[in-house]
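Please open the model in your viewer and keep the selection panel at hand. The tour proceeds by selections, each followed by a description of what is found there.

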Amino acid sequence: MNLHRIRRLAGVLLASELRSGRSRSDPHSLLGRPVILAVLDLALFLGVFGIAYPVLGLVRSTDPSLLASVATPVLLFLPVIAVATVLLAGVMFEFSTTTRVGASDAANWLPISPTDYVAASSTAVAFVYSPAPALALGGGLAIALVTGAIATYGLAAALTVLGLYEGAFLIEMLRSATPRASAVLSGRTGKVALLGRAVLLIVVILAFQLMFNPVVLLQFLGAISGFAEVTSVIPLFWSTQALLYWTRGAPALAALFIAAQVGFVAFLLWAAARLRVRFWAPAPAEVRLEPHRFGGGHPVLALAGLTPAESALVAKDLTGFTRRRELLPLLVTPLVIALLLFFESGRVGGPVDHLQISIWTTWSVGFFALMVSLTSIGQERRSIFGLFAFPLTARNFLRAKSATTFLLSAAFAAGLTAVAQVLYRPPALPAAIGGVVALVSAALGTLVGLTVATRYSDFQERPRPQFVRPGAMMAGLFGGFGLIFLIAVPAMLGAYSPDPAGASALESMAFAGAAAVAAVALLARAARTGAERLAREIPA
Amino acid sequence: MLGPVPPLRSMARGTIPPPGAAAPALSVRHAVKSYGPVLAVADASLDVPAGQVVGLLGPNGAGKSTLMKIVLGIVRADSGTVQVLGREMAPEAVETKAQIGYVPESPLLYEFLTGAEYLDFVADMYGMDPRTRRERIGQYLTALELAGHENSMISGYSQGMKQKIALISALVHRPRLLVLDEGLNGLDPRSARIVKDLLRSLARQEGVGVLFSTHVLEIAQAICDEVVILHHGRVLATGTVAELRGRAGLPGSGLEEVFLSLTGTGDLGEIVAALAR
């Protein structure tokens with residue numbers, strides 16, 4: 001391995017992500033340089049530590065047993081948190097590279113070995129998602145200092161860094177495996193084949209997420225076996241095992257698990273490099289379809305009141321979701337999170353919390369709508385210029401994008417509500433209200449996302465492009481979550497109250513309804529002004 | 001080869017003046033555009049009369065593509081005016097945009113669609129009726145030797161095939177102003193010849209105005225009635241090739257010498273010699 005090359009390439013890939021959406025920014029600006037992430041990590045680490053340390057000091061003086069019961073599990077799971085963060089965020093954000101960019105990967109022609117490339121790319125991925133572990137490590141240090149577990153903390157911190165790489169290598173493997181899955185049907189004909197390919201890709205990503213997700217593994221395997229047995233045989237938990245034995249005063253066993261964990265991460269590096277060799281330059285799948293019927297129109301969309309041009313845009317975007325590999329994680333990530341929340345809220349054998357399930361369903365629908373709408377404009381890439389050269393108004397464009405997102409989100413809401421209905425059989429009236437709130441959540445997610453996307457989309461073709469600027473993505477997601485909770489929680493509290501027709505319940509639901517109407521009106525206006533601004537001048 | 005170009009008929013014209021009316025196809029006056037400290041277009045003015053092919057020449061970074069995007073209303077000029085077919089160009093001027101065909105510098109296509117699906121999508125954007133679009137698209141696909149490939153996804157196309165799809169999408173609605181940014185990029189000689197002949201034919205017979213940027217000076221010399229040379233965002237010279245020769249004091253020279261002389265990059269011998277050492 002050539003460390004100099006790895007460092008240089010990782011720096012370039014990181015800069016590519018950091019400068020996403022800022023084509024004219026000063027390349028010497030701190031905000032466009034990888035060091036900003038180190039600064040952010042340090043700030044988060046110190047910030048959390050600064051808050052947690054005095055608070056934990058107070059807790060120790062008032063309830064020492066509480067601190068002792070929390071401290072060990074937190075330190076034990078720090079490395080697993082790192083893996084989970086990289087996996088979840090990686091799937092969500094690291095697959096926006098188009099096949100074309102992937103195929104002509106800027107680094108492929110350079111004298112870089114596959115192992116060096118994987119190491120560099122993983123370093124970039126690990127670094128990008130390092131703020132989350134930095135937060136956890138800041139809190140962990142406070143716990144360690146208060147409880148005196150400094151050595152355990154040092155070990156946990158080292159294993160957390162290793163965990164970041166573990167997640168990043170898994171992401172690299174998935175990055176290589178998905179073009180293979182998308183090429184499975186190369187040469188076949190028919191739209192069914194394309195749809196099949198999309199389903200296959202969704203299944204690959206979903207299976208990967210669930211197979212390597214610590215929460216799922218612990219929940220499923222924990223049901224059939226004890227914690228120790230489960231974590232001993234799954235490499236993902238070997239760091240936890242090492243820390244556990246360390247805290248129990250068994251350094252030899254701890255060393256054994258550390259060695260095993262390092263070996264497993266090295267194996268992942270090797271496997272990711274082999275996969276990259278195999279799919280070094282993924283050729284675009286050659287798929288032929290049956291003869292196209294010109295001017296067939298979109299009668300269903302026309303019925304919804306869309307003009308032919310708007311319908312054509314919606315149809316084009318919906319087609320994109322069945323054919324564009326980089327869009328599939330947008331559909332899968334909310335599904336994974338919804339499934340996790342379902343499992344958490346309705347454990348087999350335990351009492352079912354209908355209120356909790358309905359709120360999470362609503363939130364998942366909003367999350368889905370936010371993911372789709374936030375990325376719906378940036379996914380036009382450079383074609384946005386061609387699009388606005390057509391006789392298309394900002395209003396046409398916004399209506400089409402809103403319709404695409406809302407249609408997909410409403411379908412997602414229907415599917416999720418049906419699953420919840422079958423699995424948990426909620427009472428009829430609250431379930432019906434929940435269905436309406438889920439649709440409201442889809443509308444809110446759509447409008448929040450488009451308000452942000454019309455202003456902060458990224459249309460650049462880069463080695464690591466994003467559809468929307470990362471900061472705007474975060475702001476849009478968390479702003480949207482807040483708004484959805486503000487409306488969904490009172491609505492569902494009212495619906496599931498002992499007396500849904502009582503004054504208090506009706507007041508809650510009326511508040512939610514009024515807030516929803518006001519929010520939709522304000523957001524529709526904000527999205528419209530954003531679209532008008534975009535049509536006036538597309539960012540170069 | 002394409003048959004004779006049928007008369008313009010199916011597009012809704014609104015209040016756009018008819019062909020042959022006095023207004024030029026395109027008129028740009030004192031257009032200025034800066035990107036931060038970079039002055040991309042500096043006080044550029046040009047006309048594209050109806051029925052003429054005007055070549056826009058300039059070195060890399062001269063501002064050609066930015067000027068074309070200003071013309072199309074997808075980049076807003078800091079100052080100056082753009083009139084297309086006698087009407088002010090604005091982002092919301094959809095009626096005017098319906099009269100323009102645009103081929104970008106690199107094809108901006110949806111690669112997950114097939115060629116046929118993409119062209120059908122473009123026809124939807126222009127509100128073309130099904131019969132007309134079917135006929136015209138079929139005609140162009142055959143002429144440009146894409147027939148038989150139209151049901152494959154564009155992601156599998158070569159660069160030249162993508163360029164052909166971009167050209168068809170600019171021509172399919174029979175625009176009255178064509179804006180081609182390096183429009184012949186990647187085309188094989190046969191297709192390039194067809195497109196050149198078609199552009200001339202559209203200009204001569206249908207009164208279409210064509211603004212055509214290119215680096216290939218032989219192409220400009222062959223098809224352009226007039227040439228505009230842009231350098232550092234400014235219009236250095238405008239006129240026929242013969243007029244420019246006279247202005248540069250290089251009678252009997254080719255456009256390349258005239259261009260290099262006018263842009264002040266004529267003395268390349270020393271540079272080449274230094275590079276070769």
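The stops below concern an interface, a strand and a single residue in a predicted model.

**First stop: the interface of chain A and chain B**

Select chain A and chain B together and display the residues in contact. On the side of chain A there are 46 such residues, and they meet 41 residues of chain B. The two chains bury about 3900 Å² between them, with 61% of that area on carbon and sulfur atoms. Now select A:Phe294, A:Phe390 and A:Pro391: these residues lose the most area to chain B, and together they account for 19% of what the side of chain A buries.

Which helices of chain A should be coloured next, as each supplies at least two residues of the side that touches chain B? They are α8 (191-211), α14 (308-323), α17 (383-389) and α21 (503-536). Of these, α14(A) deserves a separate selection, since the largest share of this side, 8 residues, comes from it. Colouring the side of chain A that touches chain B by residue class gives 22 nonpolar, 9 polar and 15 charged residues.

A search for specific interactions across the interface may follow. How many salt bridges does the rule find between chain A and chain B? The count is 0. Polar contacts, by comparison, link 4 residue pairs across the interface, with both residues at pLDDT 80 or more.

**Second stop: strand β8 of chain B**

Select residues 209-213 of chain B, which form strand β8. Because 5 of its 5 residues are buried, the strand is largely enclosed by the rest of the structure. Both of its faces are covered: B:Gly209, B:Leu211 and B:Ser213 lie on one side, B:Val210 and B:Phe212 on the other, and all are buried.

Add strand β3 (residues 53-57) of chain B, which pairs with β8(B) in the parallel sense over 4 bridges. Then add strand β7 (residues 177-181) of chain B, whose pairing with β8(B) is also parallel and runs over 5 bridges. Centre the view on B:Ser213 in β8(B): this residue is the bridge partner of B:Leu56, and B:Asp181 stands opposite B:Ser213.

**Third stop: A:Thr375**

Return to chain A and select helix α16 (residues 354-376), where A:Thr375 has its place. Is A:Thr375 buried or exposed? A:Thr375 counts as buried, because its relative accessibility is 4%, under the 20% cut-off. Its side chain reaches the backbone oxygen of A:Val372 at 3.1 Å. Finally, show A:Leu330, A:Phe467 and A:Met473, which A:Thr375 touches when residues up to four places away in sequence are not counted.

Methods
Residues are numbered from 1 along each chain as its sequence is written. Chains are lettered from A and ligands numbered from 1 in the order in which they are written. This is a predicted model: local features need pLDDT of at least 70, side-chain atom pairs count only at pLDDT 80 or more; totals for chains, interfaces and linings use all residues. Side-chain values use heavy atoms; hydrogens and water are left out. Contact means heavy atoms within 4.5 Å. Buried area is the accessible area (1.4 Å probe) that two parts lose on being put together, summed over both. A salt bridge is a side-chain nitrogen of Lys or Arg within 4 Å of a carboxyl oxygen of Asp or Glu. A polar contact is a pair of N or O atoms within 3.5 Å; within protein, one must be able to donate a hydrogen and the other to accept it, and residues adjacent in sequence count only if both atoms are side-chain atoms. Ala, Val, Leu, Ile, Met, Phe, Trp, Tyr, Cys and Pro count as nonpolar, Asp, Glu, Lys and Arg as charged, and the others, Gly among them, as polar. Buried means under 20% relative accessible area, exposed over 50%, partly exposed in between (1.4 Å probe, protein chains only). Two strands pair if DSSP finds at least two bridges between them.
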